[in-house]
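Visitor: I am new to this structure and should like to learn how its features are read. May we go through them in turn?

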Amino acid sequence: MENKSPTAPALEKWGFPLQELYRLAFTFYKQNSGKAIHLSYEDNLKLIAFKQQAQLGPFNTNDAPALGVLDVIGRDRQQHWQLLGDITREQAQEGFIDLLDTMCSAFRPYIEAVRQNRDDTLKDELRRMELEKEARERREREQQQLLEEGYKEELQRRQLQDALNKQTYQQFKLYAEKQFPGNPEQQAVLIHQLQREHYHQYMQQLHLQQQSHPPPNSNQSEQEQMPPHQEPEKLPQQDQLQSGNNSNNNNSNSSVNLANAMEGLQLNEQQQQQHQQQHQHEQQATAHHEVEEYDDYVMIRPAKIWTRPDIDQFKTEVSAGDGDGVITIGHGDTVTVRVPTNLNGKCIFWEFATDNYDIGFGIYFEWAKPITNEVTVHVSDSDEDEDCVDEDYLSTTEDLESGSLSHDRSVQAAAAAHNAASAAAAAASKAPISIIVPIYRRECYNEVYVGSHSYPGEGVYLLKFDNSYSIWRSKTLYYRVYYER
């Protein structure tokens with residue numbers, strides 16, 4: 001205890017732990033002895049004695065190595081080591097440091113430089129940690145703000161969609177009952193799909209109006225004039241996989257659209273109710289007429305759809321020509337593959353896959369005698385009125401996307417003029433169409449989607465590949481179709 005008590009305050013010296021300072025002093029002595037440091041023989045003996053005491057402890061005659069008769073230097077070193085007595089190793093380290101500082105004026109500036117460098121490094125590290133902490137907290141605040149904004153926007157979206165669904169429910173319900181009489185499940189699926197499409201196109205129309213008319217007052221007045229149930233023209237929908245630097249601008253525009261849409265719905269609620277009452281009897285008469293017309297068609301069996309994992313092999317076969325081919329579907333476009341029924345066949349099969357991204361897919365059946373036995377491909381922009389109702393999910397006897405039959409005669413006249421541009425399109429537009437598989441987005445970039453369907457009769461299958469929801473991305477489609485005898 002007597003030896004340890006005086007060394008307690010020496011555990012730290014000159015701002016360094018004693019052990020670290022001793023290592024620095026010994027390294028400085030070894031590197032500079034005979035160069036920057038020129039010590040006398042006696043001073044070197046003292047430093048070496050302190051070094052031996054610090055490493056091995058007090059001198060012990062029994063453990064000391066035997067010296068030769070002529071080993072004068074070894075004998076002198078042992079004598080100086082013995083003179084240190086029983087001092088502790090810590091005291092010997094401190095003695096080495098103090099003696100080196102006394103004999104070499106460059107030692108203290110060297111230690112100060114090391115300490116300054118250490119302090120600067122420590123400050124830099126602390127500063128770096130503080131900056132990282134601030135950046136992390138800022139990111140967390142931004143993420144929290146985005147979550148709150150996203151929650152508010154989603155709440156507005158749901159309120160708007162609920163209001164639109166409430167206004168269009170009866171109209172879509174009548175149509176669904178015509179398409180799937182006695183099948184409530186299929187009716188519910190079709191109603192949900194029509195309502196979702198109606199919502200997307202309504203929001204696109206609002207967005208276009210804001211771009212065309214930036215002032216809020218003019219934008220608001222246009223929204224007040226447009227009935228909430230009116231279907232906008234087909235426009236490219238925003239790709240749900242799109243992300244990047246424009247996300248903040250899109251969010252802000254969407255929020256403004258939602259707010260304006262909700263205001264427009266509230267202002268037009270009375271007008272909409274009056275409009276529905278005025279056309280109720282006419283819609284019921286039209287519905288009764290079409291139900292009688294569609295009773296003549298047979299019930300269509302559901303399609304069989306499955307997947308398989310050999311997507312790479314499938315793409316290779318199609319690309320090599322062992323199939324129908326490869327199509328690039330532009331952003332905002334819809335491709336319709338028209339496959340006529342074959343007199344020798346009884347069932348159609350289809351296979352398709354894409355690169356990297358999903359695609360909308362659905363199948364319709366056109367009740368018309370095929371004018372050709374060839375498989376044809378038609379590409380249409382989403383902002384065009386499709387002659388065979390690519391996204392309308394209805395018979396051409398009534399265009400639900402433009403409201404009821406009595407809603408807007410001028411729109412129907414324009415659509416009729418557009419359909420008259422092609423004889424084949426005009427013929428197809430008069431044929432009733434049944435939905436076999438509604439259009440849904442399929443994750444066909446991981447596996448091959450395969451399906452089959454038994455012929456319901458003579459007609460044309462319409463295979464729809466829908467990329468209208470994507471504003472920026474084009475999709476590469478690999479597909480082939482064939483029939484079974």
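Guide: Let us begin with the angle between two helices. Axes are lines fitted to C-alpha atoms, and angles run from 0 to 180 degrees between N-to-C directions. Please note that the model is predicted.

Visitor: At roughly what angle do the axes of α5 and α6 cross?

Guide: The axes of α5, residues 107-179, and α6, residues 184-212, cross at roughly 135 degrees and come within 8 Å. Angles over 145 degrees count as roughly antiparallel and 65 to 115 as roughly perpendicular, with the rest, apart from those under 35, as oblique. α5 is therefore oblique to α6. Their crossing is right-handed. By class, this contact has 12 nonpolar, 7 polar and 4 charged residues.

Visitor: Which residues of α1 meet α2?

Guide: From α1, Tyr22, Phe26 and Tyr29 meet Asn44, Leu47, Ile48, Lys51 and Ala54 of α2. The contact divides into 6 nonpolar residues, 1 polar and 1 charged. Here the axes come within 13 Å, crossing at roughly 140 degrees, which makes α1 oblique to α2. This crossing is left-handed.

Visitor: How should the strands of the sheet be read?

Guide: Strands of a sheet pair through backbone hydrogen bonds, either parallel or antiparallel. In this model, an open sheet of 5 strands pairs antiparallel in the order β8-β5-β11-β7-β9. β8 (376-381) and β9 (433-442) each have a single partner strand, so one side of each lacks a neighbour in the sheet. From one strand to the next, the twist averages 15 degrees.

Visitor: How many bridges join β5 to β11?

Guide: Strand β5, residues 333-340, and strand β11, residues 460-466, run antiparallel and are joined by 7 bridges. Valine 337 has leucine 463 in β11 as its bridge partner.

Notes
Residues numbered from 1 in each chain as written. Predicted model: local features only at pLDDT ≥ 70, side-chain atom pairs only at ≥ 80, totals over all residues. Heavy atoms only, no water. Helix = DSSP H or I, 4+ residues; strand = E, 2+ residues; numbered from the N terminus. Left-handed = near helix turned anticlockwise from the far one by under 90°. Nonpolar A, V, L, I, M, F, W, Y, C, P; charged D, E, K, R; others polar. Contact = heavy atoms within 4.5 Å. Pairing = 2+ DSSP bridges.
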